[in-house]
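Grab a coffee and open the viewer. Here are some short exercises, each with a worked solution.

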Amino acid sequence: MVNVMRKLTYIVLILLNTSVAFAQKADSLASVKVKTKNIDGTIMTSAKDIIENISLSPEFTKLDSVIKAADLVDNLKSGTITFFAPNNKAFDKLAPGMLDTLLLPAHKAALVNLLNYHAVSGKITSKDLERQIKTGNGQATLTTISGGVLMARINENRNIVLTDENGGQSVITRLDIEQRNGMLFIVNAVLLPKAKQ
């Protein structure tokens, strides 16, 4: 009888320890805070990836279409990236006919290069950018996943400005929109890489 009681006590202790461990695990999962930001009327959350958040917003319909036309949905969903997202107004600033030309099947490689020029490996915050700019004596060099280079500076209005390889400038208008797979920044102009030879 004593042996049976010891075994029952042992089983009860195991069950109690397991339930406490499970409760702690559930509590730790519940403490993961989902961050949300209202971007021009669309709620973007850190529980979604970059593609999911962009596709929700009416301000990014052109970017969403371009990403799909370039077959980059899966690429931009995987890995950890920082993406500088031009909104519809940014695409409207392109030279007349440029976007239509890039959407032609014959120009798919240039379209892919353009989109990859807006992405940097890893999760970079605005604080990281500011630190890099300070360390670089007023300028930071960002290597994009296309292999191109963007220069980041802080202008007289304290905005972070990206300069592309052609000298075009784009102001970051919204900072640190956390995504499940990285960070999203909104820019007011499309960044143009040098044409590949």
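The exercises below work through a predicted model, from its cores to its hairpins and its largest pocket.

**Exercise 1. Find which residues of the largest nonpolar core touch the most other members.**

Step one: count the members, and you get 28 residues in this core. Step two: look for the best-connected ones, which are Ile54, Phe60, Leu63, Ile67, Phe83 and Leu184. Step three: see where the core draws its residues from. The elements giving two or more include the helices α2 (50-56), α3 (61-69) and α7 (108-116), along with the strands β3 (81-86) and β9 (182-187). A second core, separate from this one, has 17 residues, with Ala140, Leu150, Ile160 and Val187 among them. As a bit of background, nonpolar side chains tend to be buried together in soluble globular proteins.

**Exercise 2. List what Phe83 is in contact with, leaving aside neighbours within four places in sequence.**

Start with the lower numbers: Phe83 is in contact with Ile50, Ile54, Leu63 and Leu76. Carry on up the chain and you pick up Leu115, His118 and Ala119. Finish with Met183, Leu184 and Phe185.

**Exercise 3. Is Ser57 buried or exposed?**

First, locate Ser57: it's in the loop between α2 and α3. Next, check its relative accessible area, which is 2%. The cut-off for buried is under 20%, so Ser57 counts as buried. Last, look at who is touching it: beyond residues up to four places away in sequence, Ser57 touches Ile39, Thr42 and Met44.

**Exercise 4. Work out how β8 pairs with β7 and with β9.**

Take β7 (residues 160-163) and β8 (residues 169-179): they run antiparallel and share three bridges. Leu162 sits opposite Ser170 of β8. The two strands make a hairpin with five residues between them, and Gly167 in that turn has a positive phi of about 90 degrees.

Now go to β8 and β9, also antiparallel, with five bridges. Here Glu178 has Met183 in β9 as its bridge partner. This hairpin has two residues between its strands.

**Exercise 5. Which element gives the most to the lining of the largest pocket?**

Begin with the pocket's volume, about 190 Å³. Then go through the lining, which includes Met98, Leu102, Asn113, Leu114, Pro193 and Lys194. The elements giving two or more residues are α6 and α7, and α7 comes out on top with four. To finish, sort the lining by type: eight nonpolar, one polar and two charged.

Conventions. Residues numbered from 1 in each chain as written. Predicted model: local features only at pLDDT ≥ 70, side-chain atom pairs only at ≥ 80, totals over all residues. Heavy atoms only, no water. Core = buried A, V, L, I, M, F, W, Y, C linked by side-chain atoms within 4.5 Å. Buried < 20%, exposed > 50% of the residue type's maximum accessible area, 1.4 Å probe, protein only. Contact = heavy atoms within 4.5 Å. Pairing = 2+ DSSP bridges. 1 Å grid on protein atoms, 1.4 Å probe; cavity = no way out; pocket = protein on both sides within 12 Å on 5 of 7 lines; lining within 4 Å. Points joined across faces, edges and corners; volume = space filled by probe spheres on them. Nonpolar A, V, L, I, M, F, W, Y, C, P; charged D, E, K, R; others polar.
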